[in-house]
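Good morning, everyone, and thank you for making time. I would like to walk you slowly through one structure, so please have the sequence and the picture open as I speak.

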Amino acid sequence: MILDRKRLIGNKFPIIIFKVLKDEVDDFLKIVEEPSIDGKICEGKEIPLSFYPIVGLSFLKAIDLGRELMADWAKDTIMHGEQGFEHYRPLLIGETLRIEGEITDVYEKKGKRPFDVITIESIGKDGKGTKVFLSRSVILIFK
Amino acid sequence: MQKSKPFFDEVEIGTEIPPLAIGPVDRNKIIQMAILLKDPNPIHLDRVYAKERNLPDIIQQGPFNMASLYRVLTEWLHSPSDINKIHMRLANNVFPGDRLTNRGMVKQKYVKDEQNYIVCEIWQENQNGVKTITGEATVIFPIKG
């Protein structure tokens, strides 16, 4: 059966509530061996820039992959292709964001092994509805 | 190459951002990252799975690859919140044992709405000179004084 993921264009993901946890940021920095600025990880401090892709890709943990991307972790080869951000204001440790994601483009790339290129745009908003960032993630699903 | 944090008028087209070399990439850290992210993708965990897909080994997660390139900017900018826009393309896979160098170069400067913008080409390359990440960042720099 040939999968037609183009029909996913325009689909909106369920809204994600994402809390920036101090311990998660701290553990992340330890794994990537990045020193925290001023040696502090505390509530109210700006997240390190390197943590933004974690926030931008949070939809992958939250969605039903089969329903939203017509994919299965065990059967499909899925890779992160691209990541971009437009920043409106710094995101702070301890903040809770509402992230609204949408599939904005799908196309097939031919090659040794064809794959679908899926673009997901997500807007992160704070509790007052103010935009914090626009994230653009590209996911590759091999056929 | 400038090592201290420059100001807008001290940065020219062609100015190199101080590079950052890291590695060798540690497979145990890749697994730790997968646990932290609750990332079930077997391509980061299972060497047999990766080899069945014609990869020589598991691959490091995209955000993990990007982290060191982001760090180059963090250490160069006066404040992390001076980042305006960024885009990175994961051009080639990163494997355990790889040594990575993260670099950047100024390619454009402009002033808009009283903000001083610098556009940089940014990239990461492995020990063989193969680019693992390509991208661009737009950042804001203060003027001295």
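Helices and strands here are DSSP runs, numbered from the N terminus, where a strand has at least two residues. With that in mind, please remember throughout that this is a predicted model.

Let me begin inside chain A, with Ser122(A), which has its place in strand E4, residues 115-125 of that chain. Is Ser122(A) buried or exposed? Its relative accessible area is 1%, and because anything under 20% counts as buried, Ser122(A) is buried. If we leave aside the neighbours within four places in sequence, Ser122(A) is in contact with several residues, among them Phe59(A), Ile99(A) and Phe133(A).

Ile99(A) leads us on to another pair of strands, since Ile99(A), in E3(A), stands opposite Ile16(A). The strands in question are E1(A) and E3(A), the latter covering residues 96-109, and they pair in the antiparallel sense over 4 bridges. In a regular strand the side chains alternate between the two faces of the sheet. Strand E1 of chain A, residues 16-19, has Ile16(A) and Phe18(A) on a covered face, while Ile17(A) and Lys19(A) are on an uncovered one.

Next, let us turn to where the two chains meet. Here 37 residues of chain B are in contact with 35 residues of chain A, and the area buried between the chains is about 3100 Å², with carbon and sulfur atoms giving 64% of that area. Which three residues of chain B supply more of its buried area than any other three? They are Leu36(B), Pro63(B) and Tyr70(B), which supply 18% of what chain B buries against chain A.

Between the chains, 12 residue pairs are in polar contact. On the side of chain B that touches chain A, helix H1, helix H3 and strand E2 of chain B each supply at least two residues, and the largest share, 9 residues, comes from H3(B). By class, this side of chain B has 21 nonpolar, 9 polar and 7 charged residues. Strands also meet across the chains, for E2(A) and E2(B) run antiparallel and are joined by 5 bridges, and in one of these Gly84(A) has His87(B) as its bridge partner.

Asp39(B), in the loop between H1 and H2 of chain B, is buried, with 17% relative accessibility. Among the residues that Asp39(B) touches, apart from those up to four places away in sequence, are Trp73(A) and His44(B). A polar atom of the Asp39(B) side chain also lies 2.9 Å from the backbone nitrogen of Asn41(B).

Finally, the salt bridges, of which there are 21 over all chains. How many cross the interface of chain B and chain A? The rule finds 1, formed by Glu33(A) and Lys29(B), whose closest N and O atoms are 3.2 Å apart. Glu33(A) is exposed at 54% relative accessible area, whereas Lys29(B) is buried at 16%.

Within chain A, Arg89(A) and Asp126(A) form a salt bridge at 2.9 Å, N to O. Arg89(A) lies in the loop between E2 and E3 and Asp126(A) in the loop between E4 and E5, so this pair ties together parts that are 37 residues apart in sequence. Arg89(A) is partly exposed at 25%, while Asp126(A), at 12%, is buried.

Terms used. Residues numbered from 1 in each chain as written. Chains lettered and ligands numbered in written order. Predicted model: local features only at pLDDT ≥ 70, side-chain atom pairs only at ≥ 80, totals over all residues. Heavy atoms only, no water. Contact = heavy atoms within 4.5 Å. Buried area = accessible area lost by both parts, 1.4 Å probe. Salt bridge = Lys/Arg side-chain N within 4 Å of Asp/Glu carboxyl O. Polar contact = N/O pair within 3.5 Å; in protein donor to acceptor, adjacent residues only side chain to side chain. Nonpolar A, V, L, I, M, F, W, Y, C, P; charged D, E, K, R; others polar. Pairing = 2+ DSSP bridges. Buried < 20%, exposed > 50% of the residue type's maximum accessible area, 1.4 Å probe, protein only.
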